[in-house]
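Thanks for sharing this one. Here are my notes on the strands and helices, set out as numbered points so that you can follow along in your viewer.

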Amino acid sequence: MSWRTRILMHSFAPLIKNRTAKFLYFPSSQPFSQREKGKTQSYFFHPRPLGEGLAQRGVRGERSSYTALSRRRIRVFPSLPEKVFLSMCAILFFALQPSCNAGVKPTTILTLSDGTRVLYETPPKELAHLSKKFVQAWLELNVCAIRAYYGRFPLREFRLVLKADAGSEEIGYGQAMPGEMPRITMYVGTRANAEEFRSSWVLCHEMTHTAFPSLEREYRWLEEGMATYVEPIARAMTGIISVESVWLDFLKKTPEAFENISTGLNGERDFKRVYWGGAVYFLLADIEIRRATKNKYSLQTALRAIMEQQGTMNNDADVLKVLRCGDKAISVPGSAKLTVLETLYKQFGTSAYKPNLEKLWQDIGIERTGETVRFRDDAPLAGIRKGICSRASTSCNDNFIRATKEKYGKRKKNRLSV
Ligand SMILES: [Zn+2]
C-alpha cells in the first residue's frame, strides 16, 4: 500500500460513519499500538487507552470509528485536535494532487481554427514522431466534421491524451470523459500512418459524445447509438469518407444487433446491440422526422437543440427531458406536435422490438453486392436517403491531406505519408 493511500485511509477513518468505517482494513504497518479486544483507545496521535467515561459515551452514539485488525473490531475515539489534524491531512492530500500531476504531464495549448482550445498532453515517447502540427491537423479534420453537423464544436476547451498502442497500425480505441476539463483519450497505434489518422472513425466518434448530455447508465445505447449514427454521417457530409461506406456499414453491422432478442435496449450491455441497435433507432428517427416534416427538419435539428438546451456531455440529464427537447425542436409551428424520439424510444428501449431491416433498406434504396453498395433512386424514400448524407459546403479532407503532404509526405514514408 502506498503512503498516499495509507494517509488517505487514516485521514478519513474518523470522519466516516461507523457503518462504513468498520470495513476499513489497516494492513501490516500498524499505526496503532498493540490492542486487545474490547479495550478502547485513542487514535494514532495518542496511542493510549481512554477512560471508561469516553467509552460509554461512544456506546450511546457519540461519533466513533472502527477498524478491523486481525479480524478483531476495535473501537477508537479520535479527539478533537486529532480530527482537525486528520481533516487537514485529507484536504492537503487532495489540494496537492493537481500540482503533482501537472508536474508529471506537461501540456501544450493547441488553438484550433474555430477557437477551440485543446490542452494537448505531451504524448509518450513511442508517439514522439507525431508533431504538434500533425496532431493539430488531425484535430481540425474531425472538429470540422462535428461543426458541419452541429453548427459549432460543443466544447470551448478539452484535454487530449494520446496513449501508445505498441506495434499497432490502427487507432483502435478512444474515450471521452466529462469533467471540469473534459478529456478525450485516444489509443494510437505506434505504426499508424497518415491515412489511418485521416480515415479512422474513433476521434470523431468521441467528439460526438461531447455534444450529448450524460444519461443514466441504462440508457448507454442512446449515447452510443447517437455517436455511431452521427459520426459517419458527419464525416460523409464533409467528404472525409464516402457515402457508400456509410451505408455499407449499416448493411453489414445492423442485422446482428437484432438477432435472438428478448428484451429492450434499456440496460443492454452487448456491444452490437448497444452501438448498432442504438444507431438503427437514430436512423429510423431521422427518416421519420424528415418524412413527417417533408425534409424541413431532420435528426440534426433535434440533436442541435438537445446540445444547446440540455447541455453537453458535462450535464447530467433525464432521458425523457432530452428526447422531448428534440421532439419539440422538430415540431412544425401550427402543425400537430411530433413525438418521434419519445415514441421510438419506448419501442426500442422497453420492448424486444425488431425492426424490419430488409424492408427499410428497400424503402431507402440500398442493396449490398459483396463489399459494395448499389443505390436505387426509384425507391420510395430515396430522397430522404440522399438528404441524410448530403454534402455540406465545407470539405474537411483537403486541408488535412495538404497539411500532411507539406509536412510529412517526403519523409518517414511508412509512418506518416498519405
Ligand atoms: Zn462511444
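1. A word on provenance before the details: this is a predicted model. The chain includes an open sheet of five strands, and that is where I would begin. Its order is β4-β5-β6-β8-β7, and the pairing is mixed.

2. Let us take the borders of the sheet next. Strands β4 (107-111) and β7 (171-177) are the edge strands, each pairing on one side only. From one strand to the next, the twist averages 25 degrees.

3. Now for the pairing inside the sheet. β5 (residues 117-121) and β6 (residues 157-165) pair in the parallel sense, over four bridges. Look for Tyr120, which stands opposite Leu160 in β6. To get from β5 to β6 the chain passes through helix α5 (residues 132-150), and this β-α-β crossover is left-handed. I would keep that handedness in view while you turn the model.

4. On its other pairing, β6 runs parallel to β8 (residues 183-189), and seven bridges join these strands. A handy marker here is Ala164, which stands opposite Val188 in β8.

5. Where does the antiparallel part of the mixed sheet come in? It appears between β7 and β8, which run antiparallel and are joined by six bridges. Within this pair, Gly174 has Met186 of β8 as its bridge partner. As general background, strands of a sheet pair through backbone hydrogen bonds, either parallel or antiparallel.

6. Two helices are worth viewing against the sheet. α5, the helix of the crossover described above, lies across β4 and β5 and runs at about 50 degrees to β4. Helix α7 (residues 202-209) lies across β7 and β8, running at about 15 degrees to β7.

7. Next comes a pair of helices. α10 (residues 271-292) packs with α13 (residues 340-350) at an angle of about 145 degrees, and their axes are 10 Å apart. The crossing of α10 past α13 is right-handed.

8. Which residues of α10 and α13 make the contact? On α10 they are Tyr281, Leu284, Ala285, Glu288, Ile289 and Ala292, while α13 brings Val340, Leu341, Leu344 and Phe348. By class, the residues of this contact of α10 with α13 divide into nine nonpolar, no polar and one charged.

Technical notes. Residues are numbered from 1 along each chain as its sequence is written. This is a predicted model: local features need pLDDT of at least 70, side-chain atom pairs count only at pLDDT 80 or more; totals for chains, interfaces and linings use all residues. Two strands pair if DSSP finds at least two bridges between them. A crossover is right-handed if, with the strands pointing away from the viewer, the path from the first strand over the helix to the second runs clockwise. Axes are lines fitted to C-alpha atoms, for helices over the stretch in contact, and angles run from 0 to 180 degrees between N-to-C directions. A crossing is left-handed if the near helix is turned anticlockwise from the far one by less than a right angle, and right-handed if clockwise. Two residues are in contact if their C-beta atoms, placed from the backbone, lie within 7 Å. Ala, Val, Leu, Ile, Met, Phe, Trp, Tyr, Cys and Pro count as nonpolar, Asp, Glu, Lys and Arg as charged, and the others, Gly among them, as polar.
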